[in-house]
Amino acid sequence: MKSYKKISIITVTKNSQNTIESTIKSFIKQDYKNKELIIVDGKSSDKTISIIKKYKDKISKFITEKDKGIYDALNKGFKNSKGEIIGILHSDDQYNNEKVISKIMRVFNNTKVSLVHTNVDIKYKKFKRIFLSKKQFKNEDFSRGLMPPHTGIFFKRKILDQIGYFNLKFKYAADLDFIIRCFKRKKIKKKFYNIKSVNMLSGGRSTKSFVNIIEQNIEWLKILNKHKIKYNLLSFLFFKFINRLSQIKWNI
């Protein structure tokens, strides 16, 4: 069986001076040797760029230029990466431990799996959500506001040739569209790996304001319609709230 020797990790940044160094160090500490880090910066105006340059010998590719948002930046990262396996680590995220990438690569090296999805911790100021992934995601899960976070997903590069990149028509939920395309395609062999791979810090664009939350949910429903996934609006809103509530663990 073919051995997948290199993994590419894509990190997207913009004005992330408070967290980017921890993210880079988290990547560097991974005990898997044959890895590369691609950082795509959206023309930061704070100290982000100077912090990144401190680690230039550990970064395979650094791009800093204006973009059309996070999904455009991720697409740039995909196109500039060289690994046979791809993962995403945002600029305010860290790996759960130093062996995450090694464990992920062991799955790809020893099986014919094309996509691995894992658990993640989503941290807020006063509590955290423990997102426990599922062995198999079905249409009913997406119609109830549930999907595996894209930071907990690792996939073979060839998937991009099969389903394409993030659709930039969606500003808040292009990851949902991408994930549904992956999970609906039967030829893409998927595996749930029951580990916590990434510790995420909440505060993405889709949750910055009540208006953003509404717009994100509207996009979600548009994507369900696009993929002809049936849903009930009240059921969607109810289960999305319940799903998140069930994942909360208070720290106070």
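## Strand β8 and its partners

Strand β4, which spans residues 85-88, pairs with β8 in the antiparallel sense, and three bridges join them. This is a predicted model, so please read what follows with that in mind. Within this pairing, I85 stands opposite K156 of β8.

A second partner of β8 is strand β6, residues 115-123, again antiparallel and again over three bridges. Here H117 is the residue that stands opposite I153 in β8.

## The two faces of β8

Is β8 covered or open on its faces? Both faces of this strand, residues 153-156, are covered. On one side sit I153 and F155, and on the other F154 and K156, and all four are buried. Two of these residues have already come up: I153 faces H117, while K156 faces I85.

## Positive phi in two loops

Now let us turn to the loops. Which residue in the loop between β1 (7-13) and α1 (20-28) is worth finding? Look for N15. N15 is not a glycine, yet its phi is positive, at about 50°. Its relative accessible area is 38%, so N15 counts as partly exposed.

Further along the chain, K228 lies in the loop that runs between α8 (210-226) and α9 (233-247). K228, also a residue other than glycine, has a positive phi near 55°. Is K228 buried or exposed? Its relative accessibility is 75%, and because exposed means over 50%, K228 counts as exposed.

Technical notes. Residues numbered from 1 in each chain as written. Predicted model: local features only at pLDDT ≥ 70, side-chain atom pairs only at ≥ 80, totals over all residues. Heavy atoms only, no water. Buried < 20%, exposed > 50% of the residue type's maximum accessible area, 1.4 Å probe, protein only. Pairing = 2+ DSSP bridges.
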